[in-house]
Amino acid sequence: MAREESPAAPDWRTTGERIDTLIAASGSGGAIARERSEELVRLVADFYGAGLERLLDLVHEQGRLDDDVLAALADDELVAGVLLVHGLHPYGVETRVERALESVRPYLGSHGGDVELLAVTDEGTVRLRLLGSCDGCPSSSVTLKLAVQGAVEAAAPEITSIEVETAADEDTGAAGPLVPVDSLFARLHTESGTAGDGASWEAVPQLSGLEPGTVARVGVGTMRVVACRVGTDLFAFEDRCARCERPFEGATLARRLGGRSGDAVLRCAGCRAHYDVRRAGVCLDGDSVHLAPLPLLSDGATVSVSVPVAVAR
């Protein structure tokens, strides 16, 4: 289950944007004033970075920097972000990418797919391969790439590009697309970053504390979204029943009759249609219809949903 955000979390998320605004404002005093402001920010960052490095050295010298402490540091979004800025993150880029891929595997699995890390090059390129198929699924490989890329960029902002191969790429011999990665500071001042392919990642704080077995309907920009949590996994769809085309008001989540533990069925309160949540919202009533699944990412503190740019605002 996603961890509750600390009261201070919303403040630091806007810090980068505020710093950028202040530097821009200082630029009204001329080029020299702006250069001095930028130098001040660099000096302060270097000062605190040196202090953090010394702090970690002291903890290590005392024998307290064990695997459990390192894992706690890496799992805290604020602490991990600060350590990344100063090159002090306890995990290397390959480990962070692997952990990011683990976080999106439940989503990929709901589409009958998976992802494999092929390599992280010395030049900072991450090479991935999408596995499996999405037969009968309304989401294309482009949508799956979007989910994978968003998770990798958040975990390893220092990488320079992401190369994603699919089965189609292998069949045609075409190279996977290279996706430029924004710098960490650019990401800090972007509350809702455009994710490419006409989509935008939008934070949805209401979903962080969604309890297992429950359903929530929320607004994301101008789009209505229905989300449900199955165990620790979270799923999101456009809030529209594929059969009756009405919103999922009063919808419930239940275990599939005769299904295995962990199976989940979303039931429309209007027409009583049943949809398999883990299989990308396929209808279980004999109709050849699907819900419209939306890429969803959680970093442990924040949940973000990818929606078309046209409805993001």
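Trainee: Which residue just after α3 takes a positive phi?
Mentor: Gly 63, at about 75°. Helices here are DSSP runs of H or I with at least four residues, strands are runs of E with at least two, and both are numbered from the N terminus. The model is predicted: local features need pLDDT of at least 70, side-chain atom pairs count only at pLDDT 80 or more, and totals for chains, interfaces and linings use all residues. Residues are numbered from 1 along each chain as its sequence is written, and side-chain values use heavy atoms, without hydrogens and water.

Trainee: How far apart are the end C-alpha atoms of α3?
Mentor: 45 Å. That agrees with the span due for 31 residues at 1.5 Å a residue, taking 1.5 Å times one less than the number of residues.

Trainee: Which residues of α3 are buried?
Mentor: Ser 37, Gly 49 and Leu 56. Buried is under 20% relative accessible area, exposed is over 50%, and partly exposed is in between (1.4 Å probe, protein chains only).

Trainee: And Val 44, where does that lie?
Mentor: In α3, residues 31–61. Val 44 counts as partly exposed because its relative accessibility is 38%.

Trainee: New topic. What is the strand order in the open sheet?
Mentor: β7-β8-β9, 3 strands with antiparallel pairing. Two strands pair if DSSP finds at least two bridges between them.

Trainee: Why is one side of β7 left without a neighbour?
Mentor: β7 (215–220) stands at an edge with a single partner strand, so one side has no neighbour in the sheet. The same goes for β9 (233–238).

Trainee: How many bridges join β8 to β9?
Mentor: 6, with β8 covering residues 223–230. Val 225, for one, has Glu 238 in β9 as its bridge partner.
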